[in-house]
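Subject: Structure for your files

Hello,

Here is the structure we talked about. My notes on what turned up in it follow below.

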Amino acid sequence: MSQASTEIIRISGHAGTVPGAGLNREFQVCKLVDTTTCIGCKACEVACLEWNGYTFSETTFDNSYQTMPETAWNYWNLIKFNEHERDDGTMMLLMRKDQCMHCEDPGCLAACPADAAIVQYANGIVDFQEANCIGCGYCITGCPFNIPKFSPTAHKVFKCTLCNDRVSQGLEPACIKTCPTGCLHFGTKLEMKELAETRAQQLRTQSGFPDAGVYDPPGVSGTHVIYVLHDAKNPELYGGLPKDPHIPWSVKLWKGPLKWLGDLAMVGGIVGLAWHYMRFGPKKEEQIKPDDGRRP
Amino acid sequence: MSTGAVSHPDAASRNDLVPRYTLAERANHWIGALAYTYCLITGLAFWSPYLFWLALIVGGGPTARFWHPWVGLLFTASLFWTFKEWHRDMQVDDGDRAWAKAMPYYIENEDDKLPPVGRFNFGQKLFFWGIFYSVILLLLSGLVLWETELFSWNLRFLRYAAVLVHASVALITIGLFLIHVYMSAILEEGSFGSMIHGYVTRAWAWTFHRKWYDEIVARSRANR
């Protein structure tokens with residue numbers, strides 16, 4: 001690491017402590033979406049389109065403010081609008097910016113069979129390398145958040161990159177850059193987690209949301225996009241955010257035990273047949289001895 | 001193994017040939033065999049990263065992904081035609097049950113201790129029905145995998161089931177395929193050629209498919 005050569009561990013002939021020793025650099029990035037301050041302006045949707053070079057295309061009207069029913073292969077950032085009636089009869093408009101969650105334990109990557117079509121960077125970003133994608137769609141099966149989408153023209157799968165191209169140049173993602181209310185934040189995972197917890201605490205104690213909390217699901221070992229929710233006990237209210245997301249067990253079974261069992265069975269089968277041939281040899285016609293009483 | 005005395009009753013005619021597979025049956029068999037082999041190669045490429053190079057020898061990952069389902073349909077068509085032609089010959093009867101009990105003799109090449117069998121023995125019938133039902137499952141799960149977004153998010157359990165079913169059943173067919181290739185191309189002399197030119201010797205028919213042989217003899221006598 002180039003950064004490591006600027007960190008000093010020991011200094012010769014130096015009295016006192018080593019400046020900067022024990023400094024801990026946090027390389028894990030995180031996007032924080034505070035749903036409680038989102039106004040649903042969709043600036044992030046536009047910024048995402050602009051930065052990633054997509055144009056707006058025809059969509060479906062669903063009697064809602066929502067731009068389309070779910071994210072698309074060329075529309076990676078979508079605010080989900082949900083009307084929610086609270087216990088006291090008042091109405092809330094829940095707005096959640098939906099995009100790739102950049103799981104620490106990504107189901108898309110686990111399911112993908114193509115060499116280097118999906119990579120996970122040390123900073124937590126999970127990125128698709130479309131040049132290596134074969135378009136099988138297994139990532140769609142592996143994802144617990146319904147994020148990867150198949151392009152019928154490219155025959156490849158696309159999703160949010162967390163603006164890896166921007167982040168690698170020291171910039172924040174386009175959606176963060178454009179957010180006018182400051183409901184979107186970007187920084188290290190530790191900082192964002194802290195900020196989110198502070199905000200959740202504020203909501204619980206000062207704003208009358210006793211169930212406010214942070215969404216950083218442990219089922220996928222945490223995500224690099226986290227939410228502050230008014231009601232962290234019911235994330236499904238926010239456009240179907242799963243309560244306990246994890247890689248589907250059938251995908252785990254398929255990529256784990258079944259793979260080992262299958263490999264073993266195939267190799268074992270070939271070895272077994274070779275053994276059979278060496279032990280019993282070929283089957284030849286004319287094996288019936290005379291006078292065995294079975295001749296026709 | 002009889003090496004000395006020629007044991008066959010019609011020593012003179014022991015190399016006479018009898019037809020076993022029609023031209024259509026053979027052509028269909030090899031169309032199916034090629035289609036299966038293609039699906040096997042590309043399927044193994046998708047199965048394991050250590051076998052992904054198999055996709056490269058047949059044109060690369062995206063090409064393999066594109067053709068695998070179509071060639072799978074071709075195999076299905078070939079198999080359904082086989083079913084139409086052979087399902088009567090493939091019915092399991094009491095003779096097969098007796099043969100199944102004596103199967104260890106077959107495995108140990110002591111074929112003289114086996115009850116006589118018709119056109120296909122119990123092992124071949126098992127193979128046929130194994131492949132037949134496997135292909136129905138592969139077809140159904142394959143359709144789900146083919147168009148990944150055909151089913152909405154609410155029906156995603158179909159995708160979860162399909163990845164497991166497709167891989168598991170494919171493994172079963174690989175087992176059947178290995179045994180089939182081994183027995184017909186390596187183990188049982190005369191079998192492979194019969195699927196090329198369509199004929200077996202009388203001795204072969206008499207040795208391995210006695211009841212079928214008797215039917216042929218009876219038919220040829222009746223025609224005489």
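**Fold of chain A**

Of the contacts in chain A with a separation of 6 or more, 57% are between residues 24 or more positions apart. Please keep in mind that this is a predicted model.

Chain A contains eight helices and ten strands. Its radius of gyration is 27 Å, well over the 19 Å that the globule rule gives for 296 residues, so chain A is more spread out than a compact globule. The C-alpha trace of chain A spans about 100 × 75 × 40 Å along its principal axes. Of the 296 residues in chain A, 39% are buried.

**A hairpin in chain A**

Strand 2 (residues 78–85) and strand 3 (residues 91–98) of chain A run antiparallel and are joined by eight bridges. Within this pairing, A:Glu85 stands opposite A:Met91. Five residues lie between the two strands of the hairpin, and A:Gly89 takes a positive phi there, near 90 degrees.

**Nonpolar cores**

In soluble globular proteins, nonpolar side chains tend to be buried together. Which residues have the most contacts inside the largest nonpolar core? They are A:Cys112, A:Cys139 and A:Ile226, in a core of 90 residues. The element that gives the most to this core is helix 7 (residues 156–187) of chain B, with seven residues. Leaving aside residues up to four places away in sequence, A:Cys112 touches A:Ala117, A:Ile118, A:Tyr138 and A:Cys139. Another core lies apart from the largest one and has eight residues, including B:Trp204, B:Trp206, B:Trp212 and B:Tyr213.

**Domains of chain B**

The domain assignment splits chain B into domain 1 (20–86) and domain 2 (88–224). The C-alpha centres of domain 1 and domain 2 of chain B are 17 Å apart. How many residues does each domain of chain B bring to the contact? Domain 1 of chain B brings 17 residues and domain 2 of chain B brings 19 residues. On the domain 1 side, helix 1 (23–47) and helix 3 (61–86) of chain B each supply at least two of the residues that touch domain 2. By class, that side of domain 1 of chain B has ten nonpolar, five polar and two charged residues.

Regards

Note on methods. Residues are numbered from 1 along each chain as its sequence is written. Chains are lettered from A and ligands numbered from 1 in the order in which they are written. This is a predicted model: local features need pLDDT of at least 70, side-chain atom pairs count only at pLDDT 80 or more; totals for chains, interfaces and linings use all residues. Domain bounds come from an automatic or database domain assignment. Two residues are in contact if their C-beta atoms, placed from the backbone, lie within 7 Å. Helices (H or I, at least four residues) and strands (E, at least two) are DSSP runs, numbered from the N terminus. Ala, Val, Leu, Ile, Met, Phe, Trp, Tyr, Cys and Pro count as nonpolar, Asp, Glu, Lys and Arg as charged, and the others, Gly among them, as polar. Two strands pair if DSSP finds at least two bridges between them. A nonpolar core is a set of buried Ala, Val, Leu, Ile, Met, Phe, Trp, Tyr and Cys residues joined through C-beta atoms within 7 Å. A residue is buried if 20 or more other C-beta atoms lie within 10 Å of its own, exposed if 12 or fewer, and partly exposed in between; C-beta atoms are placed from the backbone. The radius of gyration is taken over C-alpha atoms; the globule rule is 2.2 Å times the number of residues to the power 0.38.
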